[in-house]
Amino acid sequence: MSPFFKKAISSNNITAKEATDAVRTLLRYIGENPDREGLIDTPDRFCRALLELTEGYSSNPEEILSTTFESQSDEMILLKDIEFTSTCEHHLLNFSGKAHVAYIPSEGKIVGLSKLARIVDTFSQRLQVQERLTQQVAEAIAKHLNPQGVAVVFEGTHSCMCVRGVRKQSAKMVTSTMLGQFRDSAASRNEFMSFITKN
Ligand SMILES: Nc1nc2c(ncn2[C@@H]2O[C@H](COP(=O)(O)OP(=O)(O)OP(=O)(O)O)[C@@H](O)[C@H]2O)c(=O)[nH]1
Ligand SMILES: [Zn+2]
């Protein structure tokens, strides 16, 4: 392993050697030889990939949503079909799909559209279950923008159900969190649902 990578993957008081040794153990656990040519750099790559997939732990939702703009709008603002990719905390396997995020501003306080996608990334790039991911995105927007309502839907395909276990390739999990006006008003909820189901 190069000294650069040794330094790069030390994290949370765990040294690169401890982390890569753990992966070497797992490789031996499945009957592989971690010293064969094709696997020699794999523990290092795996640790770097895992850090990359969980870099949302070091991103701060409050900071992302801190730049706001004034607008007279009090209508629903929706960003739909936001690709997300996350890691299931039960199996450490990928789940991914699309998220749809809407809010109804209050006091004319809006955010740049990309920030909604950044919030999705922040919480996706952690070990997750889809229900909590959905709720965290909605609650972060509710907390930092104080809007009249927030609606969040995630549609995800879980590798742990596709490539192993029950092996259902087409099954999709759909989760939603509705807050404020989207929870209280069927009309607002229906408007949101009709937008996200339209092409
Ligand atoms: N509710 C929920 N369940 C999830 C999510 N991701 C994975 N799971 C499920 O987590 C469960 C873990 O169940 P266990 O019985 O402990 O694990 P397992 O023996 O590997 O289960 P199988 O996947 O059924 O083989 C499985 O049913 C997975 O389908 C998620 O985001 N939300
Ligand atoms: Zn899983």
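**Working through a predicted model**

The buried residues of helix α6 are Gln130, Leu133, Thr134, Gln136, Val137, Ala138, Ala140 and Ile141. Keep in mind that this is a predicted model.

**Exercise 1.** Work out how the span of α6 compares with the span expected at 1.5 Å a residue.

*Solution.* Start with the ends: α6 covers residues 130-145, which makes 16 residues. The rule multiplies 1.5 Å by one less than the number of residues, and for α6 that gives 22 Å. Now look at the model: from first C-alpha to last, α6 reaches 23 Å, close to the expected value. Just after the helix comes asparagine 146, with a positive phi near 45°.

**Exercise 2.** Find the strands that pair with β2, and say which way each pair runs.

*Solution.* Take β3 to begin with. β2 (residues 77-88) and β3 (residues 94-104) run antiparallel, joined by nine bridges. In one of these pairings, phenylalanine 84 has glycine 97 as its partner. The two strands make a hairpin with five residues between them, and leucine 92 in the turn has a positive phi of about 60°. Next, try β5 (residues 127-128): two bridges tie this strand to β2, and the pair runs parallel. Here cysteine 88 is partnered with glutamine 128.

**Exercise 3.** Sort the shell around ligand 1 into nonpolar, polar and charged residues.

*Solution.* List the shell: Cys88, His90, Val129, Gln130, Glu131, His158, Cys160, Met161, Gly165 and Val166. Gly counts as polar and Cys as nonpolar. The tally is then five nonpolar, four polar and one charged. As for helices, α6 and α7 (159-162) each supply at least two residues of this shell.

Definitions and conventions: Residues are numbered from 1 along each chain as its sequence is written. Chains are lettered from A and ligands numbered from 1 in the order in which they are written. This is a predicted model: local features need pLDDT of at least 70, side-chain atom pairs count only at pLDDT 80 or more; totals for chains, interfaces and linings use all residues. Two strands pair if DSSP finds at least two bridges between them. Helices (H or I, at least four residues) and strands (E, at least two) are DSSP runs, numbered from the N terminus. A residue is buried if 20 or more other C-beta atoms lie within 10 Å of its own, exposed if 12 or fewer, and partly exposed in between; C-beta atoms are placed from the backbone. A residue is near a molecule or strand if its C-beta atom, placed from the backbone, lies within 6 Å of it.
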